[in-house]
Structure formats: C-alpha cells, structure tokens
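Me: I'm new to this structure and would like a close look at one part of it. Could you pick a single residue, start there, and then walk me outward through whatever surrounds it?

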Amino acid sequence: SGRWVKAMEIVQEFEEKCGTPIWKLRQVADAMTVEMHAGLASEGGSKLKMLISYVDNLPTGNEKGLFYALDLGGTNFRVLRVQLGGKDSGIVNQQFKEVSIPPSLMTGTSDALFDYIAAELAKFVAQEGTDFQLTPGRQRELGFTFSFPVMQTSIASGTLLRWTKGFSIDDTVGQDVVAELTKAMERQGLDMRVSALVNDTVGTLAGGRYTNSDVAAAVILGTGSNAAYVERAHAIPKWHGLLPKSGEMVINMEWGNFRSSHLPLTEYDHALDAESLNPGEQIYEKIISGMYLGEIVRRVLLRMAEEAAFFGDIVPPKLKVPFVLRTPVMSAMHQDTSPDLKVVANKLKDTLEISNTSVKMRKVIVELCNIVATRGARLSAAGIVGILKKMGRDTVKVGEKQRTVIALDGGLYEHYAEFRKCLENTLGELLGEEVSESIVVEHSNDGSGIGAALLAASHSQYV
Ligand code: ADP
Ligand code: MG
C-alpha cells in the first residue's frame, strides 16, 4: 500500500544518510587525528579538549594497601575497596556496591548530589570487614572516578567544565569537584582523603595497564563515550609545566565532543541535539553512545508513525515520549533470533504500548536498529583508528613487533554484542590484516574503578 511505500522511503533515506563507507571512515579517522593535534597545541584549539590528566605514571604492580574508589558515571555510581598486595601479588581482595542515582539529583543542587554520594560511601566504609586491612596510623584514601569534562589542576583537583549525559546542575560548574566531595564527606563525618581524581577513561587505562603492559589507550562506550591514551609529554605544546620524568602524560581526549563535517548526521540527529540539555555539544557522543542510540530509533519510528501511519491511523502516544526507547531495549530487539521476532513484539508492547505488529513490520524495526547501531559502531572504530594514527601505531614498522592493546569498557560495548562485533570488524577493515595482528581490543571489566584505586595508591600521601 501507499503507506508501506512511504514508510520504506523514510527508512531508506535514513539509511543512506547514515552511510559509513570505508572512505568516509578514513576521513573521520583523519579528522580525529587532526583535532587531537589541534587540541594539544593550545587550550581551546579544538572541539577536542585533550585534557591533561596529571597521570604521568601508570600502575606498575607495586601498589600496596587498602584503597577505595568511587565511580560516578552517567546512570550508576559504584563504590569499591581493594586490597592491593604489592610486588606481583595483585589484587588480594575487592568488594563493590553499585547504587543508582535518583534522576531528581541529576538536575538538582550540587550539595544534594554530593551528599547522596558521600552518604552511600560512608555506609559502604562502615561495612568494611576484617578481610581488609588499613595500614595502622593511616587515613583511608580514595580514587574518584568522575566521568565528566574536568580541567584538572593537579592529580587530585579539578574544576568541572560542564555536565553531559543528562546531568545539569549549574552550581557545580566551575567548582573543584574534589572539594565538593570532600566537603560532603566531612558533612557525613567520613574521614577519607581524595588522592586521585580521574576520568573513567584514565581509570580504565590504568586498570588495563595493571594487568597488561601493552595497554596504551582506553575507550568507554557506556551512557556516554570518551577515550584516553598515553602521549609523549614533549608532544603537548600547550603543557608549560615541568616535563614528567617518565616523559609521558595520559590525555583525556573528551572525544564525545568531537565533530566534523565528515560525520554522517541526519535530520533526526540534528533534532535530538537541538532538544537536548546540551545543544551543539557532544555531537559524536550523540551518535555513538548508549544514552542516545535508542532515542534515535524512536525518532525515526515516530516519523514513520506520523507520516506513513506505520502503526495504523493513530500515532502511538508512548512513541512521542523522549528517551522511552532505551538502548538495552533496542539491542534486545536488534538481536532477536526468534523466527517470528517475539522479542521485538514484546518490547514494542511493554515499552511503547504497541501491539498487533506484523512480522514484516518487526523486520523493519530490526533493520532500523541495525542501521543506528552499525553507524555508531563503525564511527567508534574510526575514532580508535584516529588515536592509533596519532600514536604512530597504525602501520607496521620494519623489524618491530610492538603490540598495542586498547582497553574498552562501558555497558554498550559490554552488553550489545552486535555493536561490539561490528566495531571489531570495522577496526580490522580499516587497519588491514597485517596491522590488525598487532592491535588488540580488550574488554577491561570495570577497570575504571580499580584503576582509580590504583592511582590513589600511587599518589598516596604516604608514598
Ligand atoms: P556509565 O556510562 O553510566 O558509567 P555503564 O558503562 O554501565 O555506565 O553504561 C550504561 C549504559 O550502557 C546504559 O546507559 C545503556 O545505554 C548501555 N547499556 C546497558 N545495557 C545494555 C544492553 N543490554 N544493550 C545495549 N546497551 C546497554
Ligand atoms: Mg562508567
């Protein structure tokens, strides 16, 4: 019928606009490399902030003692404690607790958010058992993983540049987030010192390096997306401080804010951005990360419902609600292997209150999920190639057998198998067979929290 034809036109046009042929991915990778150079050259020189992390030494394995970490991501926060055994004994014991952040706190006041976090941390500390041993006479120390753009002023201080991922708390912007947390811990009567403030990418890099010395970069694909890598200190023109002894500095790219004319953006992406809490910002993040993929699918489906009566004469009201279609639901539909796409039918019913869909319609919806996930995964791979180029690791050097490991983490990468497979295949496609042999993508499970604890250990006041 005419309606079906119109609906298919909408899908087809969307698919064309989302296209990521290999030549386009190479343009994106090159643009990423160019922006990395620009961001390192001068403050504000690029959309990529290329933030100096003050981490100039990564874990060695010698870290020892009891350390805490607190990981504030986008949706959840985790508190953990680790007992580090020192010299090659690794992690002797660890415990963690995951707490979800009440949505009201994401747009409330700074004190309310930090009081909540400090209270949960205090509860967790109170449950510390005898299987964890603080060195006598020492104060407990914490690594604070804070996954938002921060201009660091030292390893344990930094001011919040802006919120992302659905957080919007005006009075935190411009404040030192370590001071905010420290004040809240004092209000809770919790005696603890923040020894390291790290981005989750930097934590993941540190956690990855602890177990594998070839780890040179880390990428997070979770609620948001970001990357960090090890740069040579003398290749950072904007750095005017003393050159670190190691000659290296970890850079938090804040790659979520990357944008380029080469990115395939559609009218749906422009509308999503315009209606977001941070219009004009985090454009790359808005097409590759978990917070947004399902929302893009919803927007296309809504257009199909409104302009092609895809779900019948009435536009399903639920479909008009921003962010009702979460990425985990999208991935469940995308990966539905049942012959009549039962999962798709159930998800449509449960989350969108849409029933009576034909198998033919469900197939179209699966295809839509595939288009959005494929674009995100392929563009993520292109970003990784941009980093490899900057590090000079995108080619095989004669007589050199250098392995490069990229630590990946985040709920999207971890749980969305189709996305992960597509990312890894695209990486192979972009690098070619020979180079691919020396580049390894490794899932660093919850490395960001452990990494922060490790960095708290190496920056302990007692070291
Ligand atoms: P954060 O980014 O908040 O630190 P995570 O790394 O755990 O937290 O990522 C959570 C995000 O991962 C969710 O917001 C969601 O977008 C995505 N995600 C979680 N589970 C799945 C899933 N099964 N399929 C696809 N995406 C998922
Ligand atoms: Mg996280």
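Reply: Let's start at Met-304, which is buried, because 26 other C-beta atoms lie within 10 Å of its own. Before going on, keep in mind that this is a predicted model. Met-304 has its place in helix α8. If you set aside residues up to four places away in sequence, Met-304 touches Ala-7, Ile-10 and Phe-310. Another residue to look at here is Arg-3: Met-304 and Arg-3 are 301 residues apart in sequence, yet their C-alpha atoms are 9.2 Å apart in space.

Now follow the helix that holds Met-304. Helix α8 covers residues 290-308, and its axis comes within 7 Å of the axis of helix α9, residues 327-334, with the two crossing at roughly 65 degrees. On the α8 side, the contact is made by Gly-290, Leu-293, Gly-294 and Val-297, while α9 brings Thr-327, Val-329 and Met-330. Sorted by class, that contact has four nonpolar residues, three polar ones and no charged ones.

Helix α9 itself is mostly covered, with six of its eight residues buried. Those buried residues are Thr-327, Val-329, Met-330, Ser-331, Met-333 and His-334. So what does the covering? Helix α8 is part of it, and the cover also includes α10 (342-352), α11 (359-390), α12 and α13 (417-436).

From here you can step over to ligand 1. Helices α8, α9 and α12 (411-415) each supply at least two residues of the shell around ligand 1. There are 18 residues around the ligand, and the ones that come nearest are Gly-73, Gly-222, Gly-290, Gly-411 and His-415. You have already met Gly-290, in the contact of α8 with α9. The shell divides into four nonpolar and 14 polar residues, with no charged ones. Ligand 1 lies between domain 1 and domain 2, because both of them give residues to its shell.

That brings us to the domains. In the domain assignment, domain 1 takes residues 1-52 plus 212-444, and domain 2 takes residues 54-198. Their C-alpha centres lie 28 Å apart. Where the two touch, domain 1 contributes 17 residues and domain 2 contributes 15. On the domain 1 side, the elements that give two or more residues are β1 (51-52) and β11 (248-252). Strand β11 gives the most to that side, with three residues. By class, the domain 1 side has seven nonpolar, seven polar and three charged residues.

Those two strands also pair with one another: β1 and β11 run in the antiparallel sense over two bridges. One such pairing to find on screen is Ile-52, whose bridge partner in β11 is Ile-251. Both strands belong to an open sheet of six strands with mixed pairing, in the order β1-β11-β10-β9-β12-β13. The edge strands are β1 and β13 (439-443), each of them pairing on one side only.

Domain 2 is the next stop, and there is a sheet to look at there too. This open sheet has five strands in the order β4-β3-β2-β5-β8, and its pairing is mixed. Strands β4 (91-100) and β8 stand at the edges with a single partner strand each, so one side of each is left without a neighbour in the sheet. From one strand to the next, the twist averages 20 degrees. Within the sheet, β2 (residues 64-72) and β3 (residues 76-85) pair in the antiparallel sense over nine bridges. Look for Leu-70, whose bridge partner in β3 is Val-79. Helix α14 (residues 447-458) packs on this sheet and touches β2, β3, β4, β5 and β8, and its direction makes about 130 degrees with that of β2.

Last comes strand β8 at the edge. Its pairing with β5 (residues 140-146) is in the parallel sense, over six bridges. Thr-145, for one, has Val-198 as its bridge partner in β8. And is β8 enclosed or left open? Six of the seven residues of β8 (residues 192-198) are buried, so the strand is largely enclosed by the rest of the structure. To trace the walk again, begin at Met-304 in helix α8, then go on to ligand 1, where α8, α9 and α12 each supply at least two residues of the shell.

Note on methods:
Residues are numbered from 1 along each chain as its sequence is written. Chains are lettered from A and ligands numbered from 1 in the order in which they are written. This is a predicted model: local features need pLDDT of at least 70, side-chain atom pairs count only at pLDDT 80 or more; totals for chains, interfaces and linings use all residues. Axes are lines fitted to C-alpha atoms, for helices over the stretch in contact, and angles run from 0 to 180 degrees between N-to-C directions. Helices (H or I, at least four residues) and strands (E, at least two) are DSSP runs, numbered from the N terminus. Two residues are in contact if their C-beta atoms, placed from the backbone, lie within 7 Å. Ala, Val, Leu, Ile, Met, Phe, Trp, Tyr, Cys and Pro count as nonpolar, Asp, Glu, Lys and Arg as charged, and the others, Gly among them, as polar. Domain bounds come from an automatic or database domain assignment. A residue is near a molecule or strand if its C-beta atom, placed from the backbone, lies within 6 Å of it. Two strands pair if DSSP finds at least two bridges between them. A residue is buried if 20 or more other C-beta atoms lie within 10 Å of its own, exposed if 12 or fewer, and partly exposed in between; C-beta atoms are placed from the backbone.
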